[in-house]
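Open the model in your viewer and keep the selection panel at hand. Each stop says what to pick and what is there.

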Amino acid sequence: FGVVTVPQGRYSLFITRGPEYEAVETDVTVEDHPKMVTAELDHSVDTRGWLSADMHVHTGRSFDSKIPLDARVVSMVTNGVELIVPTDHNVATDLGPTIASLSYGNDVVGTIVGNEFNFSPGHGGAYPIPYDSNNPTTGGALGWSTNCGQIVGANCQDPTTAFAYHHALIPGTTVVAVNHPWTPGSDLGYFTNIGWGAGTGHPLPAVLSTAGQFDALEISSGYWARSDAYSALLADWFFLLNGGYRVTALGNSDTHKVNNTRGGYPRTWLRMPNDSPGETTGTLLSQAILNHRAVASTGPFVELTVDGADIGDTVMPAVAGQVSVAITVDAPGWMKVDAVKVYVNGLEKHNFSPVPGQRPVFKTNFVEPFLTDGWIVVIATGTQPLPGDVVGEFSHNNSWEMLPWALTNPIFVDANRDSQWKPPQPWDSMTPSPFRSSIPDPVFPVPDECGPAETDRSPSPVSDIDYLMPLLQRQ
């Protein structure tokens, strides 16, 4: 139950709670007295065993965001995000007390402390990290420094130093991800800045000096949920997998406001031992990511098994030379999925067209030949844009729309059943992969506006109309 003050008028409401829920659409006329609107939302997409996480989230403690902590938590919960990982720039933020003050139970939402660290050619994510309540400015995170003297600040670190530093925060547990690695037209992406990858046309092996030093790659981001970015990063990710680098693909919103890019679009579903987000520890979060138990998505939910093994597992075929593949894709009625593609070792092997009107959206099983060790992933896509007032205005305002898109992490197949999985041979550096393009390669330094964090982080009071319903329009 909530109260929102709006001018008198007639409104069209689209009420949902994220991609696991159906929507209720209704018109309402607001006059000079309170108007009660009720809606019962059907939790129609079954994600039991998986928790939806957003691991790239900014609050007013980040120099480039003004949203108060309570508004941030509410914005995530109302979008169906169950695990919130705040990643303020070079600042550690603990949302636990805020969640408690809002009286959300363990069955609704949990949080893990994270950080977005700026290193010399890009941005990275680290989680979980320690939180120092005695250090109110940064929470104990390594602060920004514009001089590279004896004390090296986050922005001064080279990739190898930055990745190693953050891995050591909680040894064996802290995950290091490369955030928005390829950012066309901008200079915030690591792969963009070093001129590497499918989006640049540069030889692919150039990144191998650090390829084994990061655990995850943000393939889907709220600012670049678009086909050219996906194609470029899929090529890079497929190349790394074929080279034996088990990097986990993630989807995160990178939300800084409420509406520009909304929390949870994209998101990552993580396979967990229980469905209680408030009981999720940093260790459980880390284990899910390091073991590739993840589905990155702007909305659709995908389940994949191979001979009964789940996403992230390594399986020995029950029958020599072949495996049994089962796929289920689902999404609420307000989201359309048009294609489900299966990739083996980075090459498209199947392209299915779901029948409209079915629930779940798509379901199939088949036998796939597997003669040598390799891996298999599934991608589900749609061509109908997601509602801008649900996923945020950024994509719509930049003349492209956020579309339904979901990517499983691999199931690895030990085809010769020798208990020693061997990666496929990576594509030759001079031979275009199925995804490579000739997009120009801008190379810039990390910008000045990603400068020192502001010291005044006092949150402003939550305004219902500004923070919770920024797109409310009168008819």
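Select Lys-341 and Ile-379 in this predicted model. Ile-379 lies in S20 and is the bridge partner of Lys-341. Now widen the selection to both strands. S17 covers residues 339-344, and 6 bridges join it to S20. The two run antiparallel.

Stay on S20, residues 374-381. What else pairs with S20 in the antiparallel sense, over 3 bridges? Strand S22 (residues 411-413) does. Pick Gly-374 to see one link: its bridge partner in S22 is Val-413. Then add strand S21, residues 405-408. S21 and S20 also pair in the antiparallel sense, over 3 bridges. Here, select Ala-380 and its bridge partner in S21, Ala-406.

Is S20 largely enclosed or left open? Buried means under 20% relative accessible area. Of the 8 residues of S20, 7 are buried, so the strand is largely enclosed by the rest of the structure.

**Next: an open sheet**

Select S14, S13, S16 and S19. These 4 strands form an open sheet in the order S14-S13-S16-S19, with antiparallel pairing. Which strands stand at the edges? They are S14 (309-310) and S19 (362-369). Each has a single partner strand, so one side of each is left without a neighbour in the sheet.

Zoom in on S13 (residues 301-306) and S16 (residues 322-330). They pair in the antiparallel sense over 6 bridges. For one of these links, pick Phe-301; its bridge partner in S16 is Asp-330. While you are here, show the side chains. In a regular strand they alternate between the two faces of the sheet.

**Next: a helix under cover**

Select helix H1, residues 69-77. Buried residues number 7 of its 9, so H1 is largely enclosed by the rest of the structure. Colour the buried ones: Ala-71, Arg-72, Val-73, Val-74, Ser-75, Met-76 and Val-77.

**Next: a loop residue**

Select Thr-87. It is found in the loop between strand S4 (83-86) and helix H2 (96-101). Is Thr-87 buried or exposed? Its relative accessibility is 1%, so it counts as buried. Now show what surrounds it. Leaving aside neighbours within four places in sequence, Thr-87 is in contact with Met-55, His-56, Val-57 and His-58, among others. The contacts of Thr-87 also include Gly-114, Asn-115, Glu-116 and Tyr-127.

**Next: the cavity**

Rolling a probe the size of a water molecule over the atoms shows where empty space is left. How many cavities of 30 Å³ or more does a search of the whole structure find? It finds 1. Its volume is about 40 Å³.

Select the lining: His-180, Pro-181, Trp-182, Glu-218, Ile-219, Ser-220, Ser-221, Trp-224, Ala-229 and Leu-233. Strand S9 (216-221) and helix H5 (227-242) each supply at least two of these residues. The largest share, 4 residues, comes from S9. Colour by class and you get 6 nonpolar, 3 polar and 1 charged residues.

**Last: zoom out**

Show the whole protein as a cartoon. There are 9 helices and 22 strands. Buried residues make up 55% of the 475 residues. Switch to a surface. The protein exposes about 19,300 Å², and carbon and sulfur atoms supply 51% of that area. Finish with a contact map. Of the contacts with a separation of 6 or more, 74% are between residues 24 or more positions apart.

Note on methods:
Residues are numbered from 1 along each chain as its sequence is written. This is a predicted model: local features need pLDDT of at least 70, side-chain atom pairs count only at pLDDT 80 or more; totals for chains, interfaces and linings use all residues. Side-chain values use heavy atoms; hydrogens and water are left out. On a 1 Å grid over the protein atoms alone, a cavity is a set of points where a 1.4 Å probe fits but cannot get out, and a pocket is an open set with protein on both sides within 12 Å along at least five of seven lines; lining residues have an atom within 4 Å of a point. Grid points are joined across faces, edges and corners, and a volume is the space filled by probe spheres set on the points. Ala, Val, Leu, Ile, Met, Phe, Trp, Tyr, Cys and Pro count as nonpolar, Asp, Glu, Lys and Arg as charged, and the others, Gly among them, as polar. Two strands pair if DSSP finds at least two bridges between them. Buried means under 20% relative accessible area, exposed over 50%, partly exposed in between (1.4 Å probe, protein chains only). Contact means heavy atoms within 4.5 Å. Accessible areas come from the Shrake-Rupley method with a 1.4 Å probe; for residues, only the protein chains shown count as cover.
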